[in-house]
Every structure is written in structure tokens, then in C-alpha cells.
Amino acid sequence: MAAARAGAAELGFAEEAPAWRLRSEQFPSKVGGRPAWLGEAGLPGPAELACALCGRPLAFVLQLYAPLPGRADAFHRALFLFCCRAPPCCAGLRVFRNQLPRKNDFYSYEPPSESPPPETGESVCLQLKSGAHLCRVCGCLGPKTCSRCHKAHYCSKEHQTLDWRLGHKLACTQSDNLDNTVPDHNFLFPEFEIVIETEDEITPEVVETDASEITGSMGEAPEEELDSMAKHESREDKIFQKFKTKIAQEPEQILRYGRGIAPIWISGENIPQEKDIPDCPCGARRLFEFQVMPQLLNYLKADRLGRSVDWGVLAVFTCAESCRQGTGYTEEFVWKQDVTDTP
């Protein structure tokens, strides 16, 4: 991700992309599919990737490649967002940060090739070079194994049961070909690349109105009516109108990035105060880094009868020092703001 101008946001858009561009070695920003893990050590485990509300495994939503210029220890840096998509909960959210120096144990010192690699088949990669095994259903750390073949790995009993029911029961005996027999579990979100563009300075349209019309209409209106009109234009209305105006030029944006800038809120309700954002365990405060927009929901195709994944804005706050606690993944903080129903 490029460094934005001071105070300017970078906008993310979902676009189709070939599978090879979304692999870890390309350092992608992407939506859905399985996570393209950055560091291969210290992945968040099943307990960290369980919904804090219902306990079921979280689904990968998106990852954002966001290195920090001038920080040798964050030459590569990525943020990973997960959510609960299990009805009737669909409420849990967690976000993790990982960063690496340019010289590391997992990737070449040189930039990745822009050319597609020679393909070796469509098999799903379920084991990292570090040796860590990944869950066949969700692509997260899979410490559990099938008790029969001992080659299929899972993050949880729930995902093992799902895979068994959808084909592993038959494929288990063909264990040499397991990676080519991963079924569609209807758990992953659709996969897209996130393409980043810097937001242009937007000049709101000015609608020219005859001044005499305004003064004339105001002069004729009763005082009570003017009071009523003033009260109607509440703080809630103003915030929502500001949100609509800000995104009107690029309505397809699914993400806004700007480390240290102010997020744009969709509602006057449930805006966090500084005390609501917990400090990082290292002691540093957390600052705003990016927000997920409601437009992303159209790409996730998560609608179901009854309760489904939903939000107005997801705002992610990260350690101001971008501390490095070992080589693993550090949990950060996400604030969910829902759309307020206004009368």
C-alpha cells in the first residue's frame, strides 16, 4: 500500500484477480477465500479465532498489506480481519497484525515477480513452508487431525464434522490426494483482490439558489415551523449526510485507509470516545488505521434468512508504535458501528 498524502484517505475497491496474485508471496490485499498469511510462525490459534460471543470459528473477511515506510521491522506488514458468520450470532469480530523485516525466514529479499508462475495444479495449499498445517475448511491453524488418515487438519471439531459430511468420509482413504479433494464448504467468503487508489480532493457540488427565494420563503414561514425544521436537522442527519457526501464520488469503495486520520462515521450513535479504545498491551495508545465500508457486504454475499453478517462501519485501531511482540500475530481492536434506523 502506498503512503497517502497527509490527511488523505486511500480507498479500496474489490476486483476479480487470478489466484496466483492472491497468494502470500505476492503480499496481497484481498477479501475472502483463505487467509494469505504473512509470517508463518505464531499464527493465531483456534482459541484466538473463535467468536467471543458464541464460541464458533470465525470466518476470514479481509487482509490489508500496510507496510510502514522507514520502519525496518515493518517492511512487510499486514492486518487480518475475521468475523462470525454463524447465525443467529453473526456478531463477533477480531483483527490481527503481523509484520516482518525485509530479510526474514519466509520470503525473498527481492520483490515478487509480476509474471504468473508456472502452474502445478489447482490444489489448495494447506501446509506452510514453516511446517504449520492449516484447516481444510477455513485455512486457519489446524492443530486437530482426522483420527483415521491423520493427514487432514482442522481448527475445530465443528470444521472437522463439516468436512467429513461434505466428502472427507469418502476421500479419507485416498489420503495421497487430499489437497485436490477439498470441497466447497460454503464457509469462505467470495475472494477478490483489494485495489488501492488515493482519494481525490472532492469538491461538493454547489447548488445555486436564488437568494430572494430563500429570504422570501423564510419571511413567510411561521416561527414555530422554523423551530421544527431546525430541530429536524439533527446531529444524526448531519453525520449521515456527511457520510453520504464523502462516499458519493466513489460509491463502490469497500475500504478507507489512513493511519492516524479520522474515520467517517455513518451514524451519530455509538461513536467511540478515546476511553473506549483500549491501549495496546505494550502500553502505547491505539490509533485509527482503516475502516470497512458497508459496500463490502454486497461482495460477501452473506445474506441469509434471519440474522446475517451486517455493519454500518468497522473501524480498526492499531498500536501507534506498531510494536513487535515476537514473530507472531498481535491482536488489535475493531469497533463496530451499526446503521441507526432514523424515523
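**Exercise 1. Placing Gln 26**

In which loop, between which two strands, does Gln 26 lie? Work out its surroundings too, bearing in mind that this is a predicted model.

*Solution.*
Step 1: Start with the strands. Gln 26 sits in the loop that runs between strand E1 (10–15) and strand E2 (30–31).
Step 2: Now follow the side chain. The side chain of Gln 26 gets to the backbone oxygen of Ser 113, at 3.3 Å.
Step 3: Widen the view to contacts, skipping neighbours within four places in sequence. What's left for Gln 26 is Trp 20, Arg 21, Pro 112 and Ser 113.
Step 4: Check on two of those partners. Arg 21 is placed over the face of Trp 20, 6.0 Å from the ring centre.

**Exercise 2. Counting disulfides**

Find how many disulfides there are, and explain what happens at Cys 172 and Cys 282.

*Solution.*
Step 1: Set the cut-off. A disulfide needs two cysteine sulfur atoms within 2.5 Å.
Step 2: Try Cys 172. Its closest cysteine sulfur belongs to Cys 146 and is 3.7 Å away, so that's too far for a bond. Cys 172 is buried, by the way, at 3% relative accessible area.
Step 3: Try Cys 282. Here the closest cysteine sulfur is in Cys 280, at 3.6 Å, which is again too far for a bond. Cys 282 is partly exposed, with 39% relative accessibility.
Step 4: Write down the count: zero disulfides.

**Exercise 3. Reading an aromatic pair**

Classify the pair made by Trp 37 and Phe 82, then say where its two members sit and whether each is buried or exposed.

*Solution.*
Step 1: Get the total. The structure has 12 aromatic pairs.
Step 2: Look at the geometry of this one. Trp 37 and Phe 82 are 6.1 Å apart centre to centre, with 25° between the planes. Planes under 30 degrees apart count as stacked, so this pair is stacked.
Step 3: Locate the partners. Trp 37 is in the loop between E2 and strand E3 (59–65), while Phe 82 belongs to strand E4 (residues 76–83). They're 45 residues apart, so the pair links distant parts of the chain.
Step 4: Use the burial cut-off, under 20% relative accessible area. Trp 37 comes in at 2%, so Trp 37 is buried. Phe 82 has 0%, so Phe 82 is buried as well.
Step 5: Zoom out. Trp 37 and Phe 82 belong to one aromatic cluster with Phe 60, Phe 80, Phe 96 and Tyr 329.

**Exercise 4. A charge over a ring**

Which ring face does Arg 102 lie over, and at what distance from the ring centre?

*Solution.*
Step 1: Identify the ring, which is that of Tyr 109.
Step 2: Read off the distance: Arg 102 is 4.1 Å from the ring centre of Tyr 109.

Key: Residues numbered from 1 in each chain as written. Predicted model: local features only at pLDDT ≥ 70, side-chain atom pairs only at ≥ 80, totals over all residues. Heavy atoms only, no water. Buried < 20%, exposed > 50% of the residue type's maximum accessible area, 1.4 Å probe, protein only. Helix = DSSP H or I, 4+ residues; strand = E, 2+ residues; numbered from the N terminus. Polar contact = N/O pair within 3.5 Å; in protein donor to acceptor, adjacent residues only side chain to side chain. Contact = heavy atoms within 4.5 Å. Phe/Tyr/Trp six-rings, centres within 6.5 Å; stacked < 30°, edge-to-face > 60°. Lys NZ or Arg CZ within 6 Å of the ring centre and 35° of its normal.
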